Amino acid sequence: MNLLAQPVGVAHYMVVGAVLFVCGAICMATKRNALGVLMGIELVLNGANINFIAFGSQFLRKDSQWSIGLDGQLIALFVIVLAAAEAAVTLAITLNFYNNHGTVDVDRADELKG
Amino acid sequence: MNLPTALPTLLGTACLLPLLSFVVILFFGKYLGKHGKGASYVAAGAIIGAFALSAISLCGWVGQHPLVAVHHGGGAHHADAEQAWLPAVVATKLADANACSTSSPIRLANLSSEPAGSEHAAPQEAAPVNYNGDWYTLFEVGSLKLTIGYYIDALTVAMFAMVTLIASCIHIYAIGYMHDELHDVTDHEVALADGHHLHRPGRFPRFFQYLSLFCFSMLGLVISGNLLMTFVFWELVGICSYFLIGFYFERKSASNAANKAFIVNRVGDFGFIIGLMALFGAIGTFQFGDTVDDGGNTIARGIFSQLRPPENDYKLTLPDGMVLSSAGEQVAGIVNDHADMGGLTAAKSQIESQIPDWRKNGFGYGLLIVAGLGIFCGCVGKSAQFPLHVWLPDAMEGPTPVSALVHSATMVAAGVFFVGRCFPIFTQEVLLVIAYIGCITLFIAATIAMVAVDIKRVLAYSTVSQLGYMMLALGIGGWVAGLFHLFTHAFFKSLLFMCSGSVIHACHTNDMRKMGGLLKKMPYTGYTMLVGCLAIIGTGIPFVAGFSGYYSKDSIIAQALSFTNQNPVHRILFLAAAGGASMTAFYMFRLWFLTFIGKPRDHHVYDHAHESPPVMWAPLVLLAAFAFGIGWPLWGLTNMLEQARPAGTIETVTGAVVWPNVVHPSEYLSHEEAIHVPASLIAFGTALSGFLLAAVFYAWQWLNPAEVQQQFGKLHTFLWNKWYFDELYNAIIVQPVHFVARRVADFDKHVIDRFIDGCATAVRGLSTIDDAIDRLIVDGAVNLFARWMHSAGIAFRSLQTGSLRQYVMFIVVGMVAIFVLVSFFWNYAWAM
């Protein structure tokens, strides 16, 4: 089965979401800058969001006649709101960390290690 | 004022005042004045207040119940004078009877002076006037009622006045005598281990505290309205004497004497309790007097009227309860015969009808004798009668004011008082026992007193001897004579003791052999003591007048003579009384001559001697006045005692069961000229002979006492060692008890202790094993688990690196791993 030869369906969106997700995960795993890690998180969240949108879209579902098609979008909106809140909290933590250590290197934040 | 309500209030308050003083000194003694000197004022104030109340009561009593002159034997019979105030009927009866008079108008109306066996119908006597009632009921269950009550008759009132008066004098005297205790005391009689003498703080307030409690106890004993209350105060008096005799408790001799007094009294009290149980078990009440309701009806009968019921002319009668408890088998037999339910009433009526027969057959009489002997046992202990007399001389270890109080007014008088109070309970057999015990006591004690050299011990044995006189008098039916002697003796014995205290205070020794010639140095003490000596030997001009002892001793000897005339078998009682009078005169004047007359035998002591301060000699003078004159018929002391004479004792008594021949002659018969005149002459003669003998030895020194002593060496040693009573008791009681105690201790040590030790060792072994199990297995398991947990924690610790990127890697890798695992192993059946 060749994706490129198929009409656009859920699978295509899932591929994009997976790519975004993996990019975000790699970004989180490799970036030492806290802000970079934050960006990686956004990528991961958005990868997941694309999946929600795809699964919730009327155009991509076979049972679309039964659905009003807003559930996926609503969850995506929740995720965005949560991401915003999380970003605000994380920024606050990061700024405090910077104030205390003069850096935003996450590898330096190991004072609580066992 | 209404006497029946006023008397209990007045006398009750008089009784409680010393208790109040005791409490005040107990709590605030240290803060009362400098070194607690104020304590003496509190105590003296309380007892003087009590005396004031007693004196008011006495006046009230005499006002209500006028004292009527009893004509004293020896003189003419003043029938005319007596008839002046008598109702005509009574006067005629009196004239018919041609005998003695009595005191109370009530009594007179019923008086019979006819000898027993007379053909005339026996006239009735009356119970003595008394007020009795309850202040407080402790508890009441069925017919059992225990109360705090009072029984006030002429004897109570007179005792109150006497006790409080003497106690007041002694309190005042003690302020002077005990002044050493106001500051620190060095007790030269107590040597410590380091060779120094004991140095201790003074105990002035404590002395007065005990003294107050003592007075409270004695007054409570006198006023008590039932046997239970009497017993409580009886024991309180005992414990107070224990405290006071052991006042110098650091001295071995004093603490020994206190213990001895206490233990010997326990022996007597054991008998007392048996007597109480016998009495209470049989008749079911402790009350002395009848309980009367507002209307004057008798609700419950007291001991006295149960034993001497008015229906039987106040003759000693066995109460039904005593007969029944003794005839238990017969009662059970009758009940068995009527075993069916309906027969119970029949059985009851048959039992009731049988009671007179049983009584006639002597059922219960033994119980009554046991009750009487038991109660007398207690009195033997308290009044130091043979064979329990050994404690009293040792009690001299206490301070002298205590001796004066104990010996005259309070503790030892309690026994005689109580015999007098319980007189209606005693059968003739018991009375005879009392008489013999008194007789033996007076003889033994008098002989010992003749050789004693410790001034206080002479007086102590003299007390024992005089108490013997009182017991003897009571035992031969001389109720008034015995108690009269109690009163006069109280005054002169307290006087004598306080004089001896004054001498000791001046000389710092008790040994008469070191004294002599002190009369010039201590005139007050010497002359007041002379008054006391004259009073105790019964000095008087026969048939005219004399010191107080003359009257009381004469009446005892007259009664003894009267008794002997009726019972020639028992003439020893009279001989002892008469001989005792001679010995009394001898040892008293031996004491006085040795102390006050002749040349000083120890110049160190003589030079040091001085008259005591006024606070000490003033009470002596007062008491000397009383010792001189309290017995005079003028004051009517005997008339007052007559008012309290127990019902049923006016007439001559016969009919004892065990010794049927004993006759207890009426006390009035001893007032007859035929008896009183010889008795007076004999008493005078014996006293004079004793006095002359003492004078020959010690005043004129015609004979050398030392030579006589050598001549009768063995006798002297025997008396010197107090008839070896202490040694005897040591041999027959103390040593066996020690022997048994040692055996018991051995058993305890070698058997019981062994067993217990064995048990302990076994338990210890077991617990060692248990301990090992606990430590090795239980603790080991727990510790092992803890170590595991610890190392696991250590191991997991390194997982928390704090590296964010690593965590993300773990998450991703973990997710992939889960995904792979699920892809390989997921089974759709699991979702179903």
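Which residue forms a salt bridge with Asp153(B)? The partner is Arg421(B), as the first legend shows. This is a predicted model, in which local features need pLDDT of at least 70, side-chain atom pairs count only at pLDDT 80 or more, and totals for chains, interfaces and linings use all residues. Residues are numbered from 1 along each chain as its sequence is written, chains are lettered from A and ligands numbered from 1 in the order in which they are written, and side-chain values use heavy atoms, with hydrogens and water left out.

**View 1. A salt bridge links distant parts of chain B.** The closest N and O atoms of Asp153(B) and Arg421(B) are 3.0 Å apart. A salt bridge here is a side-chain nitrogen of Lys or Arg within 4 Å of a carboxyl oxygen of Asp or Glu. Asp153(B) sits in the loop between strand S2 (144-152) and helix H6 (154-177) of chain B. Arg421(B) belongs to helix H17 (residues 411-421) of chain B. The two residues are 268 residues apart. Helices (H or I, at least four residues) and strands (E, at least two) are DSSP runs, numbered from the N terminus. Over all chains, the rule counts 20 salt bridges.

**View 2. Helix H1 of chain A crosses helix H31 of chain B.** H1 covers residues 10-30 of chain A, and H31 covers residues 804-825 of chain B. Their axes come within 7 Å and cross at roughly 145°. Axes are lines fitted to C-alpha atoms, for helices over the stretch in contact, and angles run from 0 to 180 degrees between N-to-C directions. H1(A) brings Phe21(A), Ala25(A), Met28(A), Ala29(A) and Thr30(A) to the contact (heavy atoms within 4.5 Å). H31(B) brings Arg805(B), Val808(B), Met809(B), Val812(B) and Met815(B). Eight of these residues are nonpolar, one is polar and one is charged. In this scheme Ala, Val, Leu, Ile, Met, Phe, Trp, Tyr, Cys and Pro are nonpolar, Asp, Glu, Lys and Arg are charged, and the others, Gly among them, are polar.

**View 3. Asp107(A) and Arg805(B) form a salt bridge between the chains.** Their side chains meet at 2.3 Å, N to O. Across the interface of chain A and chain B, the rule finds one salt bridge. Side chains of opposite charge can pair when their charged atoms come close. On the side of chain A that touches chain B, H1(A) gives the largest share, five residues. That side divides into eight nonpolar, two polar and five charged residues. In total, 15 residues of chain A are in contact with eleven residues of chain B. The chains bury about 970 Å² between them, 60% of it on carbon and sulfur atoms. Buried area is the accessible area (1.4 Å probe) that two parts lose on being put together, summed over both.

**View 4. The loop between H14 and H15 of chain B holds Ala384(B) and Pro387(B).** The peptide bond from Phe386(B) to Pro387(B) is cis, with omega near 0°. Ala384(B) is not a glycine, yet its phi is positive, about 55°. Most residues other than glycine have a negative phi, and most peptide bonds are trans. The flanking helices are H14 (365-382) and H15 (391-394) of chain B.

**View 5. Chain A follows the pattern α-α-α along the sequence.** It has three helices and zero strands. Its C-alpha trace spans about 55 × 30 × 25 Å along the principal axes.
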